[in-house]
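Reader: Please show the structure, and then explain how its parts are arranged.

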Amino acid sequence: MATVQLESILDLNTLEQYCSAIGAGTLLKSVVLFEQLMPEYVGSLVKANEVNDKDTLCAEAHKFKGAAGSVGLKRIQQFAQLLQHGEESSWETEHNAWLAEIVKHASADLQQLKEFLEAKA
């Protein structure tokens, strides 16, 4: 995958720093844990949205943003960042689209991250 495209998906700067500090193999273990938890994270977002529970949706988006960011998943972290701010004027009209982007890209972005780290391990 072209580096420009990869940069829109992954936080390459952070990942390079993590790999230098702790090694790709160690980071990959964290990514595997995130992979196990991701269906629960995404499911909580979807469920909160389905029942129109804005407070829970924003709180879950905040947790997901932190988790995604901690393993270098830039694109889904950015959408979660938008989703967590229910006080923003664009939230009411855009939150469904942001959630849809998370659901659409989460698995593929995670796969790209794993491939990136496996190549470095």
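Author: A residue is called buried under 20% relative accessible area, exposed over 50% and partly exposed in between, with a 1.4 Å probe and protein chains only. The model is predicted: local features need pLDDT of at least 70 and side-chain atom pairs count only at pLDDT 80 or more, while totals for chains, interfaces and linings use all residues. Residues are numbered from 1 along each chain as its sequence is written, and side-chain values use heavy atoms, with hydrogens and water left out.

Reader: What is the relative accessible area of Ile102?

Author: Ile102 is found in helix α6, where helices are DSSP runs of H or I with at least four residues, numbered from the N terminus. Contact means heavy atoms within 4.5 Å. Not counting residues up to four places away in sequence, Ile102 touches Val42, Leu45, Phe64, Ile76, Phe79, Ala80 and Leu83. Ile102 is buried, and its relative accessible area is 0%.

Reader: Which residues touch the most other members of the largest nonpolar core?

Author: A nonpolar core is a set of buried Ala, Val, Leu, Ile, Met, Phe, Trp, Tyr and Cys residues joined through side-chain atoms within 4.5 Å. In soluble globular proteins, nonpolar side chains tend to be buried together. The largest such core has 36 residues, and those that touch the most other members are Leu10, Phe34, Phe64, Leu73, Leu83, Leu113 and Leu117.

Reader: Which helices each supply at least two residues of this core?

Author: The contacts of one core residue, Phe64, include Phe34, Met38, Ile76 and Ile102. The helices that each supply at least two residues of this core are α1 (3-9), α2 (12-22), α3 (24-50), α4 (54-70), α5 and α6 (91-120).

Reader: Why are the buried residues of α5 on the same side of this helix?

Author: In α5 (residues 74-84), the buried residues are Arg75, Ile76, Phe79, Ala80, Leu83 and Gln84. The arc is that of the directions from the helix axis to the C-beta atoms. They lie on the same side of α5 because they cover an arc of only 170°.

Reader: Which residues are exposed on the other side of α2?

Author: Leu12, Thr14, Leu15 and Cys19 are the buried residues of α2. They are on the same side of α2, since they cover an arc of only 155° around the axis. On the other side, the exposed residues are Asn13, Ser20 and Ala21.

Reader: At what angle do α2 and α3 pack?

Author: Axes are lines fitted to C-alpha atoms, for helices over the stretch in contact, and angles run from 0 to 180 degrees between N-to-C directions. Leu15, Tyr18, Cys19 and Ile22 in α2 meet Ala24, Thr26 and Leu27 in α3. The axes of α2 and α3 are 7 Å apart, and the angle is about 115°.

Reader: Is His62 buried, exposed or partly exposed?

Author: UniProt, in an unreviewed entry, lists His62 for "modified residue: Phosphohistidine"; UniProt positions are given in the numbering used here, feature names are shortened, and annotations may be inferred rather than shown by experiment. His62 lies in helix α4. With a relative accessible area of 45%, His62 is partly exposed.

Reader: What is the phi of Asn52?

Author: Asn52 is in the loop between α3 and α4. At 68% relative accessibility, Asn52 counts as exposed. Asn52 is a residue other than glycine with a positive phi, near 55°.
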